[in-house]
Amino acid sequence: MPKRYLSYVIANDLSPAAAAAMRRNVELNGLGEQVESVPGPSDNSAAKPKVKPAKVKVNEGDACSLMYNHRVERERVDVVDLDPYGTAAPFVDAAVQCVKDGGLLCVTCTDLSVLATVNYPEKCYSNYGGVPVRAEYCHEAALRLVLHTLSTAAARYGRYIHPLLSLSIDFYVRLWVRVGTQPNEVKRAVSKTSTFYVCSGCQAFYEQPFGRLTETVHQPSGNVNISVKAGVGPNVSDKCPECNSTMHIAGPMWSGAIHDVDFVSRVLEHVVANESKYGTATRMKGMLTLAKEELPDTPFYFTPSRVAGNFHCICPPLDDVASALLNADHRVSRSHALAGSLKTDASREDIHDVFRSWIKKHPVKTECLSEQSVTFRLLQKEPKKEANFKHHSESVTASKVNLVRYQMNPTPNWGPAQRANSGKRKREQEE
């Protein structure tokens, strides 16, 4: 791919104070318009001024208006970076229209109290077109809800998104997606959208895709014809087949891959080669390595400690659980979103069978259990197959995951601050 050089950056904010601060920073860093003197001819005539265009142009105004002004194809931009306070939802429609084909859309959302909890399902639906999950994998669900919003917004204009990197970081989510225009890719979006039935007891989940695709390749042209049919729901009732607890619906949300492994690999190579340029290079390497190793086609993760809590048993080591799943011919990886987590293509029943086999060697007391409890119902089933806990060569061992990913908070009460007050309100408070 040929190198492309930066022409200029448009920095926008609606706040006059923020725009003024940006202008000061532009001048202090020498990124504004500059006038240079150019020597005249040998007759010592006056020097001719040469104007160098600004590398950063500051715009004070509404971000949506700015982006809509660039939605015509010849006016589109290479990169859009949305980083508002809270949700980026109000800016998504304009953003997906003003990015060039093959351009990059970066999105930050800090409203995890909406995306990653069930406190405000109505707010999550109004912002992102779906409802969140009440489970330990809520942070990955938050990423998938935002991706669903980007995908549906792009599809309205015959465009599609290709997720490059999607990260849950501390108190926010950060996504990088490539935007393009291609009818077949827009059709495929329906097969990458699903609702999920989530158990309120053991947190088992069952996926229901919105659509199924049939692709036909015509020879000798090589053209691909895509036929779309309605998705078939999972074979579950309103009660969980594992523990008979109530099932709740979550979504719709993006159910396709959330990372592009080739892209993540290239970024990781760049970071390793330029560590001295990044103050957080150690953590960046850890996050990118975990993202690169995540199973691409498997939604959601689990933690052995949470499953062990459901069984009221001693928690097996992470390596033992991973090895048991690998020895049963399942795939396993870590997840960047939560410490001590695993992703696997095994069903929740298969995961529970691993713990049922573990309990045979590490018994639990059942005398005081209620027959209506999740633990009692899970223990009533026998494993279909005894798990093999022998160490597997591809297991997720400590040496593989000894990466700086889950940093400690640098200061007390660290996190997002309150929304900035308007100048009028600030003056009233001072008076």
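**Exercise 1. A threonine in a strand**

Is Thr-344 buried or exposed? Then work out what surrounds Thr-344.

*Solution.* The model is predicted.

Step 1. Locate the residue. Thr-344 belongs to strand S15, residues 343-344.

Step 2. Check the area. The relative accessible area of Thr-344 is 8%. Buried means under 20%. Therefore Thr-344 is buried.

Step 3. Follow the side chain. The Thr-344 side chain reaches the backbone oxygen of Arg-331 at 2.8 Å. The Thr-344 side chain also reaches the backbone nitrogen of Ala-346, at 3.1 Å.

Step 4. List the company. Set aside neighbours within four places in sequence. Thr-344 then touches residues including Leu-295, Thr-298, Phe-302 and Leu-325. His-330, Arg-331, Val-332 and Ile-351 are also in contact with Thr-344.

**Exercise 2. A serine and a cis peptide bond**

Find the side-chain partner of Ser-194. Then describe the peptide bond that leads into Pro-252.

*Solution.*

Step 1. Place Ser-194. The residue sits in strand S9, residues 193-199. Its relative accessibility is 0%, so Ser-194 counts as buried.

Step 2. Look for a polar partner. The side chains of Ser-194 and Ser-255 make a polar contact at 3.0 Å.

Step 3. Widen the search. Leave out neighbours within four places in sequence. The contacts of Ser-194 include Glu-207, Gln-208, Pro-209 and Phe-210. Gly-251, Pro-252, Met-253 and Ser-255 are in contact with Ser-194 too.

Step 4. Turn to the peptide bond. From Gly-251 to Pro-252 the bond is cis, with omega near 5°. Pro-252 lies in strand S13, residues 247-254.

**Exercise 3. Two helices, one length test**

Test whether H8 and H9 have the span expected of them. Then say what covers their buried residues.

*Solution.*

Step 1. Take H8. The helix has 13 residues, and at 1.5 Å a residue these should span 18 Å. The end C-alpha atoms of H8 are 18 Å apart, so the two values agree.

Step 2. Take H9, residues 281-293. Its 13 residues should span 18 Å, and its end C-alpha atoms are 18 Å apart. The values agree again.

Step 3. Inspect the start of H8. There, a side-chain oxygen of Asp-260 reaches to within 3.0 Å of the backbone nitrogen of Asp-262.

Step 4. Pick out the buried residues. In H8 they are Phe-263, Val-264, Ser-265, Leu-268 and Val-271. In H9 they are Ala-281, Arg-283, Gly-286, Met-287, Leu-288, Thr-289, Leu-290 and Ala-291.

Step 5. Find the cover. S7, S8 and H9 are among the elements that cover the buried residues of H8. Strand S7 (159-169) and helix H8 (261-273) are among those that cover H9.

**Exercise 4. Helix H12 and its crossings**

Describe how H10 and H11 each cross H12.

*Solution.*

Step 1. Know what to report. Two packed helices are described by the angle between their axes and the distance between the axes.

Step 2. Take H10 (residues 304-311) and H12 (residues 348-361). Their axes come within 11 Å and cross at roughly 65°. Angles of 65 to 115 degrees count as roughly perpendicular. That makes H10 roughly perpendicular to H12. The crossing is right-handed.

Step 3. Name the contact. H10 contributes Pro-304, Val-307, Ala-308 and Phe-311. H12 contributes Arg-348, His-352, Phe-355, Arg-356 and Ile-359.

Step 4. Take H11 (residues 318-327) and H12. Their axes come within 10 Å and cross at roughly 120°. H11 and H12 are therefore oblique to each other. This crossing is right-handed.

Step 5. Name this contact. From H11 come Asp-320, Val-321, Ala-324 and Leu-325. From H12 come Ile-351, Val-354, Phe-355 and Trp-358.

**Exercise 5. Positive phi in two loops**

Compare Asp-170 and Phe-300: what is the phi of each, and is each residue buried or partly exposed?

*Solution.*

Step 1. Asp-170 lies in the loop between S7 and strand S8 (172-181). Its phi is near 50°, a positive value in a residue other than glycine.

Step 2. Phe-300 lies in the loop between H9 and H10. Its phi is near 75°, again positive in a residue other than glycine.

Step 3. Check the areas. Asp-170 has a relative accessible area of 30%, so Asp-170 is partly exposed. Phe-300 has 2%, so Phe-300 is buried.

Key. Residues are numbered from 1 along each chain as its sequence is written. This is a predicted model: local features need pLDDT of at least 70, side-chain atom pairs count only at pLDDT 80 or more; totals for chains, interfaces and linings use all residues. Side-chain values use heavy atoms; hydrogens and water are left out. Helices (H or I, at least four residues) and strands (E, at least two) are DSSP runs, numbered from the N terminus. Buried means under 20% relative accessible area, exposed over 50%, partly exposed in between (1.4 Å probe, protein chains only). A polar contact is a pair of N or O atoms within 3.5 Å; within protein, one must be able to donate a hydrogen and the other to accept it, and residues adjacent in sequence count only if both atoms are side-chain atoms. Contact means heavy atoms within 4.5 Å. The expected span of a helix is 1.5 Å times one less than its number of residues. Axes are lines fitted to C-alpha atoms, for helices over the stretch in contact, and angles run from 0 to 180 degrees between N-to-C directions. Angles under 35 degrees count as roughly parallel, over 145 as roughly antiparallel, 65 to 115 as roughly perpendicular and the rest as oblique. A crossing is left-handed if the near helix is turned anticlockwise from the far one by less than a right angle, and right-handed if clockwise.
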